[in-house]
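Subject: Structure handover

Hello,

I am passing this structure on to you. Please open it and keep it in view while you read.

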Amino acid sequence: MGASVQALATMRALRLDLRQRRKSAGISQADLARRLGISRETLVRREGTAVLDIGLIDFLRWVAALDGETNVTWNVTPAEGSTNEAEGPR
């Protein structure tokens, strides 16, 4: 499976997991949107689109707003030529 196909599959799994958690918790889209500080329409788009178009911070806020954790595991592979060490003043 190519990296982009795998990334899309992961985003789809995240989207479905978060939508199911919201429903299981009995939280409406309008209520969750209020908790996240976004419009209901934006939440509908994020729950319904194949590509989860949010940044990591927004994703973490979404999980926190549902009082939970996600079951999706992320594996990050460093880009070729990159280093695993943080660079900066020592």
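Below is what was found, from the whole chain down to single residues.

**Overall**

Please note that this is a predicted model. The protein chain has four helices and zero strands. Along the sequence, the pattern reads α-α-α-α. The chain has 90 residues, and 24% of them count as buried. About 6400 Å² of the protein chain is exposed. Carbon and sulfur atoms supply 51% of that area. Now the contacts with a separation of 6 or more: residues 24 or more positions apart account for 59% of them.

**The core**

The largest nonpolar core has 13 residues. Which of them touch the most other members? They are L18, L32, L36, L43, F59, W62 and L66. Three helices, α1, α2 (29-36) and α4, each supply at least two residues of this core. The most comes from α4, which gives four residues.

**Helix α3**

This helix covers residues 40-48. Its buried residues are T42, L43, R46 and E47. One of these, L43, is also among the core residues that touch the most other members. Why do the buried residues line one face of the helix? Seen down the axis of α3, they fall within an arc of 130 degrees, so they share one face. There is a general rule to keep in mind here. An α-helix has 3.6 residues a turn, so residues three or four places apart point the same way. On the other side of α3, E41 and G48 are exposed.

**L16 and E47**

Next, a pair to find in the viewer. L16 sits in helix α1 (residues 3-24). E47 belongs to α3 and is buried there. In sequence, L16 and E47 are 31 residues apart. In space, their C-alpha atoms are 7.2 Å apart. L16 is partly exposed: its relative accessible area is 26%, and the partly exposed range lies between 20% and 50%.

**A surface patch**

Finally, look at the outside of the model. L56, I57 and L60 form a nonpolar patch on the surface. Together they have about 320 Å² of accessible area. L56 lies in helix α4, residues 56-65. Is L56 buried or exposed? L56 is exposed, because its relative accessible area of 55% is over the 50% cut-off. Helix α4 thus appears twice in this note: L56 of the surface patch lies in it, and α4 also gives four residues to the core.

Best wishes

Notes
Residues are numbered from 1 along each chain as its sequence is written. This is a predicted model: local features need pLDDT of at least 70, side-chain atom pairs count only at pLDDT 80 or more; totals for chains, interfaces and linings use all residues. Side-chain values use heavy atoms; hydrogens and water are left out. Buried means under 20% relative accessible area, exposed over 50%, partly exposed in between (1.4 Å probe, protein chains only). The arc is that of the directions from the helix axis to the C-beta atoms. Patches are made of residues with over 30% relative accessible area and no salt bridge: like charges are joined within 9 Å, nonpolar side chains (Val, Leu, Ile, Met, Phe, Trp, Tyr) within 5 Å. Accessible areas come from the Shrake-Rupley method with a 1.4 Å probe; for residues, only the protein chains shown count as cover. A salt bridge is a side-chain nitrogen of Lys or Arg within 4 Å of a carboxyl oxygen of Asp or Glu. A nonpolar core is a set of buried Ala, Val, Leu, Ile, Met, Phe, Trp, Tyr and Cys residues joined through side-chain atoms within 4.5 Å. Contact means heavy atoms within 4.5 Å.
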